[in-house]
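This briefing is meant for someone meeting the structure for the first time. Please keep the sequence and the 3D view at hand while reading, and follow each topic in turn.

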Amino acid sequence: MDKSFPMTTFILSHNLQVQSKDVPPFETQVLADGIVSNSSAIISATVIQHPHWIIELTSNLPPNDMAVELVKSWKQLRSKLGQSADHVILALGGRKDSLAAPGAPLQEGFWGVDVVETHDEEAFLQAINWDALKSNRPEDGVFEISSNN
């Protein structure tokens, strides 16, 4: 782990596109605990009480590496819980580059990360117009990580 990199903070939302009894919605605390227990690089996971954001994660990894670690640990958690993990898990992230309201979970410098579980990665990205969304961002201010990679 690179100790010289500043702490990275992800604020997660979850978009479960898979409709299957084999891929149930997570209980948020189980998800938070599972992400940390399946990753040696994610330092903490704290449940957030918010209508959109669910968990705050921290790591010493750079954002792209942390996103890879998040997708890997998410997939491992599904498997360890005996749930299906044969779908795509996406981590779509954007850095908050503007001031945030006091007390808002997503603060300046943090990353808003939507974790999406889907069977059709391309159709999902087209449906949300991802290419256009990320084209308006600085190159180092956005990432897209897929469990297919």
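**Briefing**

S73 is buried, because its relative accessible area of 0% falls under the 20% cut-off. The model is predicted, and the points below take up helix α2, helix α1, strand β6, a loop residue and the largest pocket.

**Helix α2 and S73**

- Helix α2 runs over residues 63-80, and S73 is found within it.
- The 18 residues of α2 should span 26 Å at 1.5 Å a residue, and because the C-alpha atoms at its two ends are 25 Å apart, the expected and modelled values agree.
- Besides S73, the buried residues of α2 include P63, M66, A67, E69, L70 and V71, and further along W74, L77 and R78.
- A polar atom in the side chain of S73 lies 3.1 Å from the backbone oxygen of L70, and L70 is itself one of the buried residues of this helix.
- When residues up to four places away in sequence are not counted, S73 touches I35, N38, S39 and I42.
- After α2 comes G82, a residue whose phi is positive, near 75°.

**Helix α1 and V30**

- V30 belongs to helix α1, which covers residues 28-37.
- With a relative accessible area of 35%, V30 is partly exposed, whereas S73 in α2 is buried.
- Once neighbours within four places in sequence are left aside, V30 is in contact with L77 and L81, and of these L77 is listed among the buried residues of α2.
- V30 and V47 are 17 residues apart in sequence, while in space their C-alpha atoms are 9.7 Å apart.

**Strand β6 and S146**

- Strand β6 is made up of residues 142-146, and S146 is found in it.
- At 5% relative accessibility S146 counts as buried, because this value is under the 20% cut-off.
- The side chain of S146 is joined to the side chain of E121 by a polar contact of 3.0 Å, and the S146 side chain also reaches the backbone nitrogen of N148 at 3.0 Å.
- Leaving aside neighbours within four places in sequence, S146 is in contact with V71, V88, I89, L90 and E121, and V71 is one of the buried residues of α2.

**The loop residue N129**

- N129 is found in the loop between α3, which covers residues 121-127, and α4.
- Phi of N129 is positive, near 60°, although the residue is not a glycine.
- N129 counts as partly exposed, at 47% relative accessibility.

**The largest pocket**

- What is the volume of the largest pocket? It is about 300 Å³.
- The largest pocket is lined by 19 residues, and those lying nearest its centre are G93, G94, G112, W130 and R137.
- At least two residues of the lining come from each of β4 (88-95), β5 (111-118) and α4 (130-135).
- Which element gives the most to the lining of the largest pocket? That element is β4, with 4 residues.
- By residue type, the lining of the largest pocket divides into 7 nonpolar, 6 polar and 6 charged residues.

Terms used
Residues are numbered from 1 along each chain as its sequence is written. This is a predicted model: local features need pLDDT of at least 70, side-chain atom pairs count only at pLDDT 80 or more; totals for chains, interfaces and linings use all residues. Side-chain values use heavy atoms; hydrogens and water are left out. Buried means under 20% relative accessible area, exposed over 50%, partly exposed in between (1.4 Å probe, protein chains only). A polar contact is a pair of N or O atoms within 3.5 Å; within protein, one must be able to donate a hydrogen and the other to accept it, and residues adjacent in sequence count only if both atoms are side-chain atoms. Contact means heavy atoms within 4.5 Å. On a 1 Å grid over the protein atoms alone, a cavity is a set of points where a 1.4 Å probe fits but cannot get out, and a pocket is an open set with protein on both sides within 12 Å along at least five of seven lines; lining residues have an atom within 4 Å of a point. Grid points are joined across faces, edges and corners, and a volume is the space filled by probe spheres set on the points. Ala, Val, Leu, Ile, Met, Phe, Trp, Tyr, Cys and Pro count as nonpolar, Asp, Glu, Lys and Arg as charged, and the others, Gly among them, as polar. The expected span of a helix is 1.5 Å times one less than its number of residues.
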